[in-house]
Amino acid sequence: VQLQAFGGGLVQAGGFLRLSCAASGRTFSSNAVGWFRQALDKEREFVAAIRWSTGSTTYADSVKGRFTCSRDNAKNTVYLQMNSLKPEDTAVYYCASARGLGFSVSWYDYWGQGTLVTVSS
């Protein structure tokens, strides 16, 4: 499975961005896509995940109510709508593929390149 994340950029606090993650290749081996982020000098952390088949989602407490994960099965694309952005949301955001929903980095098999999100105060 190959994943490509894009849509990052610079936004002011309170603003919004939508990230996209396009999947290709052996997509039948992927049952879920997760979003993670890594801020400077910090460990990569879970943000959200979605199951391809049902669209069921799960979120980190820090983004619950502000971020929404969705998918377009026809386009093999997962989206992360990020609203009410805060400076602490600044990080490189990654999407990754797994056989099921999970929260840990090690659960995910395939990773896309990151896309940088910068939220200015």
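1. Overall dimensions. For a chain of 121 residues, a compact globule would have a radius of gyration near 14 Å; the protein chain of this predicted model has 13 Å, which agrees with that expectation. Along the principal axes, the C-alpha atoms occupy a box of roughly 40 × 30 × 25 Å.

2. Secondary structure. The protein chain contains 11 strands and 0 helices. Its order along the sequence is accordingly β-β-β-β-β-β-β-β-β-β-β.

3. Burial and contacts. Among the 121 residues of the protein chain, 43% are classed as buried. Of the contacts with a separation of 6 or more, 53% join residues that stand 24 or more positions apart. Several of the individual residues discussed below illustrate such long-separation contacts, including Ser 20, which touches Val 78.

4. Surface and charge. The exposed area of the protein chain is about 6300 Å², and carbon and sulfur atoms supply 50% of this area. The chain carries 12 positive and 8 negative charges, and the mean positions of the two sets are 8 Å apart.

5. Aromatic pairs. The structure holds 6 aromatic pairs. One of them joins Phe 36 and Trp 111 in a tilted arrangement, with 5.0 Å from centre to centre and 55 degrees between the planes. Phe 36 belongs to strand β4 (residues 32-38) and Trp 111 to strand β10 (residues 110-111), so this pair ties together parts that are 75 residues apart in sequence. The partners also differ in their exposure class: Phe 36 counts as buried because its relative accessibility is 0%, whereas Trp 111 is partly exposed, with a relative accessible area of 28%.

6. A second pair and the aromatic cluster. Trp 111 also pairs with Tyr 108, in an edge-to-face geometry with 6.3 Å from centre to centre and 65 degrees between the planes. Tyr 108 is buried, its relative accessible area being 5%. Phe 36, Tyr 108 and Trp 111 are among the members of one aromatic cluster, which also includes Phe 46, Tyr 94 and Phe 103.

7. Ser 20. This residue is located in strand β3 (residues 17-24). With a relative accessible area of 8%, Ser 20 falls in the buried class. When residues up to four places away in sequence are not counted, Ser 20 touches Gln 4, Ala 5 and Phe 6, as well as Trp 35 and the residues Thr 77, Val 78 and Tyr 79.

8. Ser 30. Although Ser 30 is placed in the loop between β3 and β4, it counts as buried, at 7% relative accessibility. Apart from neighbours within four places in sequence, Ser 30 is in contact with Val 1, Trp 52, Ser 97 and Ala 98. The C-alpha atom of Ser 30 is separated by 19 Å from that of Tyr 93, a residue 63 positions away along the chain.

9. Cys 69. Strand β7 (residues 67-72) contains Cys 69, which is buried at a relative accessible area of 5%. Leaving aside neighbours within four places in sequence, the contacts of Cys 69 are Trp 35, Ala 48, Ala 49, Ile 50, Thr 57, Tyr 59, Val 78, Tyr 79 and Leu 80. Trp 35, Val 78 and Tyr 79 also appear among the contacts of Ser 20. The C-alpha atoms of Cys 69 and Arg 51, which are 18 residues apart along the chain, are separated by 9.9 Å.

10. Backbone at Asp 41. Asp 41 is not a glycine, yet it has a positive phi of about 65 degrees. Its position is in the loop between β4 and β5 (45-51). At 77% relative accessibility, Asp 41 counts as exposed.

11. Backbone at Asn 76. A positive phi of about 50 degrees is found at Asn 76, which is likewise not a glycine. Asn 76 lies in the loop between β7 and β8 (77-82). Asn 76 is partly exposed, with a relative accessible area of 27%.

Notes:
Residues are numbered from 1 along each chain as its sequence is written. This is a predicted model: local features need pLDDT of at least 70, side-chain atom pairs count only at pLDDT 80 or more; totals for chains, interfaces and linings use all residues. Side-chain values use heavy atoms; hydrogens and water are left out. Helices (H or I, at least four residues) and strands (E, at least two) are DSSP runs, numbered from the N terminus. The radius of gyration is taken over C-alpha atoms; the globule rule is 2.2 Å times the number of residues to the power 0.38. Buried means under 20% relative accessible area, exposed over 50%, partly exposed in between (1.4 Å probe, protein chains only). Contact means heavy atoms within 4.5 Å. Accessible areas come from the Shrake-Rupley method with a 1.4 Å probe; for residues, only the protein chains shown count as cover. Lys and Arg count as positive and Asp and Glu as negative; His and the chain ends are not counted. The place of a charge is taken as NZ of Lys, CZ of Arg, CG of Asp or CD of Glu. Rings of Phe, Tyr and Trp (its six-membered ring) pair if their centres lie within 6.5 Å; planes under 30 degrees apart count as stacked, over 60 as edge-to-face and the rest as tilted.
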